[in-house]
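Student: I should like a close look at a single part of this structure. Please take me through it in one connected account, with the cut-offs behind each term.

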Amino acid sequence: MKELDELKLLWVNMDEKLNRNWKLNMKNLQTANLDKVKRGMSRLVWIKGLTMGFYGLSALLFMTYAFSRWGIPHQAVTGIIFGIWSLVIFITSLHELRLITRVNYAEQISVLQKELIHIQLTIIKYLRLAVWVFPLYFGFIILLFDLLFGVDVVEVGSRNWIISNVVISAGIFLPAAIWMRNKLTPKNANKNWMKKLLRGNGSQVSDAVRLLEEINAYQA
Amino acid sequence: MNRDKDSFLKIIESHKLIIFKVCNSYCKDSEDQKDLFQEVILQLWNAFPSYDETYKFSTWVYRISLNVAISSYRKLKTKNKYFSRLEEEMVSIQADDDQGKNEELQLLQAFISQLEELNKALIILYLDGYSHQEIAEMLGISKSNVGSKINRIKNKLKTQFKNLEA
């Protein structure tokens, strides 16, 4: 049986072995462009900033549209709904950007790892927000016809056509969206369908979830 | 304290063993070890301007190395997407020339590499002589949790050695 002192002695032997086999290339370190990592980080910040800018602008445009159609309830409501939807994505991006810019590797290990995991899991938050597009598809029709052709589809469309779209949206797409939203949780990250949805990030997300559980067990 | 590259390289030189140990424990493949080493150096350099002098250099190097190692294991599979590659090789690793001579050392290494990420960090720090209080501070968990986790890992290691001896 290995007692503690023996384990520590073995560990000292490990130091000696590493000292023997690993060699630091000081010359390369002196000439290396170590600032490259800062550029990599600012590229990520730039991408997230652009996402935030896009959805911030969308929210503003949808809200402006809603106010300009204040007298036409279905168009105003459509504008407000899409405005709120864009605003939620804007706030999510802002939160993500805040987390990214705050990343500090000198932080306590459990604290930093939790922050990194939350950044990694925001992809699931975006998917959960994206599913609301399905029940809102009729809103897109209203908006597109109004903005592109200046036609109010609710005004010119037949009553049956409008009712059937509302029924499809509320009766099929809304429950489907709620079901999908409930299924899109980090716990399902290791499922095959989720891995496909996450497009190659699946195993990283499922590893992140596993690590999060490990950290929570440590802090319990 | 100077925060220039020369001062930074002096710190790296005198604490290289910490980084070697972390990279060696978190990656098996020597190419992955080199990539992880590079990533640790880059993050240390990135954090160097805001180095908090209330910490010992060894603690600071350990914290960053472990944080990078733990977060990088999720990225290694897609490393080309995430790692900022530098042309220069910062570390060279020779093949182990004493294989078979120190079987116990290899077993310890293998057991540690099988541990989960935080357990691995905990046992590395413990074997390196850090106190429960220092480990708790570095990991961000309570001192009592450190004690119970260490006991559990120690027993696991002992059992594994015992099974091999039997």
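In which helix of chain A is Leu9(A) found, and what surrounds that helix?

Tutor: Leu9(A) is found in helix H1 of chain A, where helices (H or I, at least four residues) and strands (E, at least two) are DSSP runs, numbered from the N terminus. Two remarks on the basis of the description come before the details. This is a predicted model, in which local features need pLDDT of at least 70 and side-chain atom pairs count only at pLDDT 80 or more, while totals for chains, interfaces and linings use all residues. Residues are numbered from 1 along each chain as its sequence is written, chains are lettered from A and ligands numbered from 1 in the order in which they are written, and side-chain values use heavy atoms, with hydrogens and water left out.

Consider the helix itself. H1(A) has 18 residues, and from its first C-alpha to its last it reaches 26 Å, close to the 26 Å expected at 1.5 Å a residue; the expected span is 1.5 Å times one less than the number of residues. Leu9(A) counts as exposed, at 56% relative accessibility. Buried means under 20% relative accessible area, exposed over 50%, and partly exposed in between (1.4 Å probe, protein chains only). Leu9(A) is also 139 residues from Leu148(A) in sequence, and 76 Å from Leu148(A) in space, C-alpha to C-alpha. By contrast, the buried residues of H1(A) are Leu7(A), Leu10(A), Trp11(A), Met14(A), Asp15(A), Lys17(A), Leu18(A) and Asn21(A). As background, an α-helix has 3.6 residues a turn, so residues three or four places apart point the same way.

Asp15(A) is a charged member of that buried set, with a relative accessible area of 17%. Not counting residues up to four places away in sequence, Asp15(A) touches Leu17(B), Lys21(B) and Asp128(B); contact means heavy atoms within 4.5 Å.

Next comes the packing of H1(A) against a helix of chain B. Two packed helices are described by the angle between their axes and the distance between the axes. The axes of H1(A), residues 4-21, and H6(B), residues 103-114, come within 10 Å and cross at roughly 95 degrees. That makes H1(A) roughly perpendicular to H6(B). Axes are lines fitted to C-alpha atoms, for helices over the stretch in contact, and angles run from 0 to 180 degrees between N-to-C directions. Angles under 35 degrees count as roughly parallel, over 145 as roughly antiparallel, 65 to 115 as roughly perpendicular and the rest as oblique.

On the H1(A) side, the residues that meet H6(B) are Leu7(A), Leu10(A), Trp11(A), Asn13(A), Met14(A) and Lys17(A). Their counterparts in H6(B) are Glu104(B), Leu105(B), Leu108(B), Gln109(B) and Ile112(B). By class, this contact has seven nonpolar, two polar and two charged residues. Here Ala, Val, Leu, Ile, Met, Phe, Trp, Tyr, Cys and Pro count as nonpolar, Asp, Glu, Lys and Arg as charged, and the others, Gly among them, as polar.

Leu108(B), in helix H6 of chain B, deserves separate attention. Leu108(B) is buried, with a relative accessible area of 0%. Leaving aside neighbours within four places in sequence, Leu108(B) is in contact with Leu7(A), Leu10(A) and Trp11(A), and also with Leu157(B) and Phe161(B). Phe161(B) is 53 residues from Leu108(B) along the chain, and their C-alpha atoms are separated by 8.5 Å.

Chain B, the partner, has nine helices and one strand. From the N terminus on, its elements run α-α-α-α-α-β-α-α-α-α. Of its 166 residues, 54% are buried. Among contacts in chain B with a separation of 6 or more, residues 24 or more positions apart account for 70%.

The helix pair can be placed within the whole interface. 56 residues of chain A are in contact with 78 residues of chain B. The area buried between the two chains is about 6,700 Å², and carbon and sulfur atoms give 59% of that area. Buried area is the accessible area (1.4 Å probe) that two parts lose on being put together, summed over both. Trp11(A), Trp22(A) and Tyr218(A) supply 15% of the area that chain A buries against chain B, more than any other three residues.

Another point of contact between the chains involves Ile64(B), found in helix H4 (residues 57-72) of chain B. Ile64(B) is buried at 0% relative accessibility, and its contacts beyond four places in sequence include Tyr105(A) and Ala106(A).
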